[in-house]
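This briefing is intended for a reader who has the sequence and the model at hand. Please view the two together before turning to the points below.

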Amino acid sequence: MRERIDNVDFTVDEHIWGHRLYDEQLPHFAVLEFLGVLGSNKDAPLIELPGDKVRYKPQRQIRLRSLLFNNPYVQTVRDRTISDSDKWEQWRDLFVAEATGHGDENIDYLREVFLSFDDFAKAIELLRSSAFEARSNKRWSSKFIFPFGPDALYEDLRIDSSSATNDRRFFARTGELLYLMLCRSINGRQLGQLLVERLFVSSSPLNRLARALQGESQHAPEPRAVGYLPHLKHSRFDRLCDDWLAILSRDMPVYDALEHLISSAGLNLLLYFLECSKAEAGDTDPVEIVCEIVSRERSKVRALSGECYQANQSLSLRAVRASIESFLLTPEWENALSSIDQSTQCILALRDRFQWPSTESDEDNDYSQMTGEEMAAVLTEKALARHEQHFGKIHASWSRAIGLSSRRLSRRYRYAPNDRLLKTLVVSMVDERMQFDDFLHEAKRRYGLVIGDTEGGHLIREDQIDQEALSDNRENLESRLMSLGLVRRLSDSCSFVENPFARGKN
């Protein structure tokens with residue numbers, strides 16, 4: 001039985017990928033939302049009991065975010081040549097006058113926490129500087145600081161004088177699905193314990209600073225269930241979990257590791273999206289990502305990478321169309337078409353499968369007067385239009401966000417990984433050192449990345465590109481990693497990729 005999903009017009013995308021992946025929830029937002037779910041379940045992290053939905057009660061921390069992002073007065077008052085006591089009084093009057101009334105007006109505790117107003121202003125400046133997208137024009141209640149610890153986590157909110165409600169724009173449930181993916185991975189429980197031990201350290205200095213500003217934590221009024229993930233098992237869930245375990249095992253501060261966790265999550269979520277698209281469309285070939293390693297010389301790989309990008313961009317639309325078309329071949333639909341009361345039976349069959357048409361009236365269509373074929377055509381049109389609004393933009397948005405795609409030196413997007421993503425691949429894949437050719441092979445096996453002539457051998461045989469172009473691309477990557485201090489060349493034919501953060505490495 002398909003799970004019923006509330007508050008959606010119809011369920012086509014949701015049963016392919018889940019409810020929901022969302023293009024505006026970029027990977028760093030997904031990980032922040034994930035950490036909120038994890039923090040609410042840290043006594044039993046990454047555990048999903050059979051028949052029982054994972055629930056969580058996210059933090060809101062309205063005082064903290066108001067002090068950081070809705071507080072333009074602190075620097076003005078700090079610069080005034082008045083006594084410290086007067087600074088506190090003047091700032092308090094200005095801040096409280098603009099308070100939302102959701103607990104941020106109760107700030108008297110701050111004078112007991114900080115020795116001086118100057119110390120308070122410096123604390124604001126320090127945490128504010130750690131914000132994601134610090135210079136964006138997002139509203140203040142949708143700005144987030146770096147997750148320094150449990151007290152620095154909170155959900156996306158829409159706040160006005162009468163209410164504070166969770167907003168599904170930047171925390172659209174992708175982080176909830178990320179939590180379920182890791183719950184359903186083979187090594188999920190091991191990862192859950194490790195994440196709690198490494199990331200939820202209340203005594204860390206910057207978490208204590210966030211707690212000092214926030215005071216007592218603020219939570220959502222009621223626990224809520226996480227979103228819907230249609231797959232109980234998937235190889236991508238295990239790959240993501242193992243990548244995170246590898247990153248957390250490296251000899252680096254956890255805050256540095258978190259940057260790699262975000263990149264890894266974005267890459268694996270993107271591959272999950274593409275793999276599910278291919279599976280739904282009946283395409284059994286693995287996902288392939290032909291990467292151009294940008295160099296001074298224009299590469300023949302660029303055109304092929306652009307074509308690969310466009311092909312992957314169209315996969316999700318194919319999946320939506322295939323999902324509906326496959327239902328139209330089922331006995332249930334054939335029986336509905338051949339029944340005496342065709343329109344009624346077709347409506348019931350479509351509602352059972354896609355929760356459409358809804359029982360509410362549709363001003364544009366009277367489905368009771370349509371044939372089954374006409375209803376199917378309307379559903380397909382609506383599903384494709386709805387898909388293009390958000391789900392259809394995921395591939396483009398996420399690949400740019402993680403540094404996998406670029407338009408640099410080109411008029412169209414293609415796959416051209418940046419240094420940050422390449423570092424994440426090395427940190428994830430290389431325990432201490434790995435022969436360069438093995439590294440390329442593993443990148444293809446794990447993530448579908450095609451860089452050298454060996455991995456792209458089928459492209460050469462199909463005359464899509466010549467061997468020399470891919471060999472040059474391979475050499476470009478070797479040079480790029482060498483400049484990053486990640487490759488050591490022992491001879492012209494022997495190079496090793498080295499992970500500088502491997503445990504026990506000098």
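The points below concern the protein chain as a whole, then one helix position, then one strand and its partners.

The model is predicted. The protein chain has 506 residues, and its radius of gyration of 26 Å agrees with the value near 23 Å for a compact globule with that number of residues. Its secondary structure comes to 22 helices and 11 strands.

**Overall dimensions and packing**

- The C-alpha trace of the protein chain spans about 80 × 75 × 45 Å along its principal axes.
- Of the 506 residues in the protein chain, 55% count as buried.
- Among contacts in the protein chain with a separation of 6 or more, 72% are between residues 24 or more positions apart.

**Surface and charge**

- The protein chain has an accessible surface of about 23400 Å². Carbon and sulfur atoms contribute 46% of that surface.
- There are 66 positive and 79 negative side chains in the protein chain. The centres of these two sets lie 4 Å apart.

**Alanine 385 in helix H17**

- Helix H17 covers residues 372-389, and alanine 385 is found in this helix.
- Alanine 385 has a relative accessible area of 43%. This residue is therefore classed as partly exposed, since that class lies between the 20% limit for buried and the 50% limit for exposed residues.
- Alanine 385 and methionine 482 are 97 residues apart along the chain, and their C-alpha atoms are separated by 46 Å.

**Strand E11 and its partners**

- Strand E11 comprises residues 494-498, and 4 of its 5 residues are buried. The strand is therefore largely enclosed by the rest of the structure.
- Strand E8, residues 433-435, pairs with E11 in the antiparallel sense over 3 bridges. In this pairing, methionine 434 stands opposite valine 497 in E11.
- Strand E10, residues 487-491, also runs antiparallel to E11, and the two are joined by 4 bridges. Here arginine 489 stands opposite serine 495 in E11.
- E10 and E11 are joined by a hairpin through 2 residues.
- In a regular strand, side chains alternate between the two faces of the sheet.

**Points to locate in the model**

- Which residue in E11 stands opposite methionine 434? The residue to find is valine 497.
- How many residues form the link in the hairpin from E10 to E11? The hairpin passes through 2 residues.

Technical notes
Residues are numbered from 1 along each chain as its sequence is written. This is a predicted model: local features need pLDDT of at least 70, side-chain atom pairs count only at pLDDT 80 or more; totals for chains, interfaces and linings use all residues. Side-chain values use heavy atoms; hydrogens and water are left out. The radius of gyration is taken over C-alpha atoms; the globule rule is 2.2 Å times the number of residues to the power 0.38. Buried means under 20% relative accessible area, exposed over 50%, partly exposed in between (1.4 Å probe, protein chains only). Contact means heavy atoms within 4.5 Å. Accessible areas come from the Shrake-Rupley method with a 1.4 Å probe; for residues, only the protein chains shown count as cover. Lys and Arg count as positive and Asp and Glu as negative; His and the chain ends are not counted. The place of a charge is taken as NZ of Lys, CZ of Arg, CG of Asp or CD of Glu. Two strands pair if DSSP finds at least two bridges between them.
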